Amino acid sequence: MLETSKRISKYRNLLIIYVIYIIFWIIIVGILSVLIKPTARIALTRFSPSGDLLLELGLIFIIILPLSALIGLIIGGYLITPIILYLHKKIYGSKKYYGIQFEPRLDKIKIFSKSFFPVLMAINLSFIFLTPPVLESIVSDTLLTAFNLLFHILTRFFGEIILLTLTLGLATMFFSSVWFLKDSGIIYSNKKKIVNSNELIVLRSIGDWYQTILRSYAGIAAIITYILVVQDFFTRYIENFGVPENVYNIPSLILWLGLPFYLAISLIPALIVNDLIKKKRIKFVRKIGEKLGIKDTAIITFELRKDNGSSEDITNSLERL
């Protein structure tokens, strides 16, 4: 009972944010229903049986995107993580020393620090995949007929939202491996002992190594994506200047630019589950590491030298829990 109370207290702020997020999308759907004012029933995607554009949009943001991220978390954590660990050991194993660094449990879940780069990757992937043929194949004919010419940004926004139901799960799948590996405490170094060494020392977590690769792609790709979207918006806005309906592309662009924040909050259920299963996933990754020969406790010793030439020895020994 006490444990349950602590968990509720721990996740209270996250759950409040998520409830506000749900209310936000209910309001957005209401505003869009006033702005768009469809004369006939319009479906968002040809794959949905509801045939209601705004209902589908709300369901995607409130239910489907969080569920996609949750599925990506489980698949990436339990299927991709062992592969990354195996490949790193296979490629660098003969030149590196591996160990387990035991760290204290962190209680605070930081939404944006964890979700920022997965969200950027998801947006970029959806942008790449959203070619004109793909847009025509996933968006309903009624929506294309009603919005494609004058509401170009809004049409692209709807198309990307459909693809994000897949790409958000895919991005979370890759980054969940980072979370699994970092929390496991498995690290590697180019030296077995780092005391009194003149050699440049490399000491990294495998999770950090993998995260650097993913972040490099996600960050650069996202910047390029946003530049292209904004450029396309201004080009089409100037081309349709003077057309009354063209003004609706402005709030559409604002809605699109806010995607990183909406998607980051949609990851809250996945982040909570990720924290709830922390002990189990740490045990899982360390078992995989043990099978690969990673079982020693990492004892980190280093020396800090002051400007006057004197030295201060610092030893940080992390014992097995």
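These exercises work through one predicted model, each with a solution in steps. Residues are numbered from 1 along each chain as its sequence is written, and side-chain values use heavy atoms, with hydrogens and water left out. In this predicted model, local features need pLDDT of at least 70, side-chain atom pairs count only at pLDDT 80 or more, and totals for chains, interfaces and linings use all residues.

**Exercise 1. Take stock of the chain.**
Task: state how many helices and strands the secondary structure comes to, and what percentage of the residues is buried.

Solution.
- Step 1. Helices (H or I, at least four residues) and strands (E, at least two) are DSSP runs, numbered from the N terminus. The chain has 11 helices and five strands.
- Step 2. Buried means under 20% relative accessible area, exposed over 50%, partly exposed in between (1.4 Å probe, protein chains only). Of the 321 residues, 46% are buried.
- Step 3. Contact means heavy atoms within 4.5 Å. Among contacts between residues at least 6 apart in sequence, 79% join residues at least 24 apart.

**Exercise 2. Classify the ring pair Phe157 and Phe158.**
Task: is this pair stacked, edge-to-face or tilted?

Solution.
- Step 1. A pair of aromatic rings is described by the distance of the centres and the angle of the planes.
- Step 2. Rings of Phe, Tyr and Trp (its six-membered ring) pair if their centres lie within 6.5 Å; planes under 30 degrees apart count as stacked, over 60 as edge-to-face and the rest as tilted. The rule yields 13 aromatic pairs.
- Step 3. For Phe157 and Phe158 the centres are 6.0 Å apart and the planes are at 55 degrees, so the pair is tilted.
- Step 4. Check burial. Phe157 has 0% relative accessibility, so Phe157 counts as buried. Phe158 is also at 0% and buried.
- Step 5. Widen the view. Ring pairs link Phe157 and Phe158 into a cluster with Phe24, Trp25, Phe61 and Tyr262.

**Exercise 3. Place Phe157 in the core.**
Task: which residues have the most contacts inside the largest nonpolar core?

Solution.
- Step 1. A nonpolar core is a set of buried Ala, Val, Leu, Ile, Met, Phe, Trp, Tyr and Cys residues joined through side-chain atoms within 4.5 Å.
- Step 2. The largest such core has 83 residues, and Trp25, Phe61, Phe157 and Leu259 have the most contacts inside it. Helix H6 gives the largest share of this core, 15 residues.
- Step 3. Leave aside neighbours within four places in sequence. Phe157 then contacts Trp25, Leu57, Phe61, Leu255, Trp256 and Leu259.
- Step 4. Turn to helix H9 (residues 259-266). Seven of its eight residues are buried, among them Leu259 and Tyr262.

**Exercise 4. Examine two polar residues of H6.**
Task: are Glu160 and Ser176 buried or exposed?

Solution.
- Step 1. Glu160 lies in helix H6. Its relative accessible area is 0%, so Glu160 is buried.
- Step 2. A polar contact is a pair of N or O atoms within 3.5 Å; within protein, one must be able to donate a hydrogen and the other to accept it, and residues adjacent in sequence count only if both atoms are side-chain atoms. One of 2.9 Å joins the side chains of Glu160 and Ser126.
- Step 3. Ser176 is also in H6 (residues 152-184). At 0% relative accessibility, Ser176 is buried. Beyond four places in sequence, Ser176 contacts Gly72, Leu73, Gly76 and Gly77.

**Exercise 5. Judge the confidence.**
Task: which element has the lowest mean pLDDT?

Solution.
- Step 1. pLDDT is the predictor's confidence in each residue, from 0 to 100. The chain mean is 79, and 76% of residues reach 70 or more.
- Step 2. Strand E5 (residues 311-317) is lowest, at 44; helix H10 (residues 268-276) is highest, at 93.
- Step 3. Residues 309-321 stay under 50, with 28 contacts beyond four places in sequence. Where pLDDT is low, the predicted coordinates should not be read in detail.
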